[in-house]
Amino acid sequence: MKTFYIETFGCQMNAHDSEKVIGTLMQQGYQQVATPEDAGLVLYNTCSIRDKAEQKVFSRLQQFKRAGAGKVFGVLGCVAQQEGENIFDRAPHVSLVCGSASYTKLPELLVQIENGERRVTGLNLDTEDTFETPFTRRDNPHRAYLTVMEGCDKSCAYCVVPFTRGPERSRTGASILEEVRQLASHGYTEIQLLGQNVNSYRDPSSGGLDFAGLLREVAAVPGLRRVRFTTSHPRDFGKEIIDSMDENPVLCNHVHLPVQSGSDHVLKRMLRHYTRDEYMRRIEWMKQSGRNIAITTDMIVGFPGESDADFQQTLDLVDEVEYDSMFSFKYSPRPNTSALTLSDPVPEEEKGRRLTILQEKQRAIQIRRNADLVGKVEEVMVEGYNHGTGQWIGRTSQHRTLNFTTTAQLPEGAYLDVRVTRAGPNSLAGEAVSQIQ
Ligand code: SAH
Ligand code: SF4
Ligand code: F3S
């Protein structure tokens, strides 16, 4: 029997790619197993956004340098694309190196491996294709990821994604809507539309939809209760996106809008192509909306040349926006990126200090914002049960975790109303106040 094991690192795009890869492999007669020890084919779907993420795969491969005899090892995803055939030098027991822009070729590459080829690669980036397959094995029976666009044409100075995922390319609206309808008919009630810059979506067919149009169409599919999307790029974030959310409650009230820095000087050096004012205009649209939209972001501290004054502007912006949640990172120099040529006089310890200050500020904001929700009733989707705490795990439309108690037995994927009774920095707790709806 042909068996495989897959471990996935990185973003939701990678998680969903793995669901498609798993389906593709099963279609080829492979069976998924839970440990690398039990598998004939061991795959790592990798991330290279920061150095630490990249190192993970090499430490995994190192573990099997000797013990892996008789197994086939494959590296997929962003490290595969970035390092290409160098991976064979760093880990000679690897046989397959394939980037996400070449997954349509996976069945072919697998046959070559079965035929005993020692080294096969899928590294072409020059593609118009998106990776679609009817065999996707979704992890969750209620909430489905769905890729609407792939790649990135933005070339931010610090970022590997344009090199690892190739040029921006969108699926046709017709194929997206067909998949959404199918998912709804299979009982999925939540759809998460994915793309590195999801709002740069442009239907490639003539007269096709823009992103706001796509949101409207997807949200109108019968059976869906929640539609989310990630990640949005501020430059392409038009007011119509907020208008479509205002019009349709199926579109969840959450927008993830990475800002990266509050300083115009840094944004310019990052090549983000928007100013702080332009970003803040988008925040205003959201705050003026009738929807109570949760706003979350990504932030990089210690980008080359970030001065104390620049960092202070980031802190001021965070005070002004009051994000509901934030992912913040210390700048990590990455191969091929243009930021490598910028001079960087800021010492590492100073960058670490700034990250701590930012994270402490954000934590205080979250404690405050979450506390404001105590006493309110929120609809949650049930994600599971925590035997340790005796609480059900729920997710609100704003994407907050709301753990709650009830005497009823709940199926995963159910929706019900919960009153918030307590709040912490990262989650809420409460009591169910309705039956399943
Ligand atoms: N396409 C999205 C971001 C995708 S990468 C956007 O443009 O907003 C996810 C996050 O990783 C980024 O928002 C950024 O905050 C962080 N990141 C990317 N490259 C990085 C680097 N070299 N060092 C530190 N953080 C980085
Ligand atoms: Fe990276 Fe910038 Fe593209 Fe986002 S927009 S994926 S940060 S290059
Ligand atoms: Fe990582 Fe690639 Fe996603 S670098 S964050 S897995 S696009």
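## A buried lysine and a long span

Lys71 counts as buried, because its relative accessibility is 18% and the cut-off for buried is under 20%. This residue belongs to a predicted model. Lys71 lies in a loop. Helix 2 (51–63) and strand 4 (72–76) are the elements on either side of that loop.

How far apart are the C-alpha atoms of Lys71 and Phe311? They are separated by 49 Å. Along the chain, Lys71 and Phe311 are 240 residues apart.

## Three domains

The protein is divided into three parts: domain 1 (2–122), domain 2 (143–371) and domain 3 (377–432). Take the C-alpha centres of domain 1 and domain 3. They lie 36 Å apart.

## Ligand 1

There are 17 residues around ligand 1. Those that come nearest are Tyr158, Gln196, Gln260, Asp298 and Ser332.

Which atoms of ligand 1 pair with Tyr158, Asp298 and Ser332? For Tyr158, a nitrogen atom of ligand 1 lies 3.0 Å from a backbone N or O atom. For Ser332, a backbone N or O atom lies 2.8 Å from a nitrogen atom of the ligand. Asp298 uses its side chain: an N or O atom there is 2.6 Å from an oxygen atom of ligand 1.

## Ligand 2

Ligand 2 has cysteines in its surroundings: Cys152, Cys156 and Cys159. Also around ligand 2 are Lys154, Ser155, Tyr158, Val161 and Pro162. Gln196, Asn197, His233 and Arg272 complete the list.

What kinds of residue make up this shell? Six are nonpolar, four are polar and two are charged. Tyr158 is in the shell of ligand 2, and Tyr158 is also among the residues that come nearest to ligand 1.

## Ligand 3

Around ligand 3 are Cys11, Asn14, Thr46, Cys47, Ser48, Ile49, Cys78, Arg165 and Gln196. The shell divides into four nonpolar residues, four polar ones and one charged. Gln196 is worth finding on the structure. Gln196 belongs to the shell of ligand 3, to the surroundings of ligand 2 and to the nearest residues of ligand 1.

## The second largest pocket

The second largest pocket has a volume of about 360 Å³. It is lined by 20 residues. The closest to its centre are Thr133, Pro134, Arg138, Glu179 and Gln182. Helix 1 (12–27), strand 7 (143–147) and helix 7 (173–185) each give two or more residues to the lining.

Which element gives the largest share of this lining? Helix 7 does, with five residues. By type, the lining divides into seven nonpolar, seven polar and six charged residues.

## Two buried residues with polar partners

Is Glu150 buried or exposed? Glu150 is buried, because its relative accessible area is 7% and buried means under 20%. Glu150 sits in strand 8 (residues 149–150). A polar atom of the Glu150 side chain lies 3.1 Å from the backbone nitrogen of Phe131.

Ser397 also counts as buried, with a relative accessibility of 17%. Its place is the loop between strand 16 (391–396) and strand 17 (401–405). The side chain of Ser397 makes a polar contact of 2.5 Å with the side chain of Asn253.

## Backbone details in the loops

Where is the cis peptide bond next to Thr231? It runs from Thr230 to Thr231, with omega near 0°. Thr231 is in the loop between strand 11 (226–230) and helix 9 (239–247).

Leu271 is not a glycine, yet its phi is positive, at about 60°. Leu271 lies in the loop between helix 10 (264–270) and helix 11 (276–288). This leucine is partly exposed, with a relative accessible area of 35%. His399 has a positive phi too, near 75°, and is a residue other than glycine. The loop of His399 joins strand 16 and strand 17, and Ser397 lies in the loop between those strands as well. At 33% relative accessibility, His399 counts as partly exposed, whereas Ser397 counts as buried.

Notes:
Residues are numbered from 1 along each chain as its sequence is written. Chains are lettered from A and ligands numbered from 1 in the order in which they are written. This is a predicted model: local features need pLDDT of at least 70, side-chain atom pairs count only at pLDDT 80 or more; totals for chains, interfaces and linings use all residues. Side-chain values use heavy atoms; hydrogens and water are left out. On a 1 Å grid over the protein atoms alone, a cavity is a set of points where a 1.4 Å probe fits but cannot get out, and a pocket is an open set with protein on both sides within 12 Å along at least five of seven lines; lining residues have an atom within 4 Å of a point. Grid points are joined across faces, edges and corners, and a volume is the space filled by probe spheres set on the points. Helices (H or I, at least four residues) and strands (E, at least two) are DSSP runs, numbered from the N terminus. Ala, Val, Leu, Ile, Met, Phe, Trp, Tyr, Cys and Pro count as nonpolar, Asp, Glu, Lys and Arg as charged, and the others, Gly among them, as polar. Domain bounds come from an automatic or database domain assignment. A residue is near a molecule or strand if one of its heavy atoms lies within 4 Å of it. Buried means under 20% relative accessible area, exposed over 50%, partly exposed in between (1.4 Å probe, protein chains only). A polar contact is a pair of N or O atoms within 3.5 Å; within protein, one must be able to donate a hydrogen and the other to accept it, and residues adjacent in sequence count only if both atoms are side-chain atoms.
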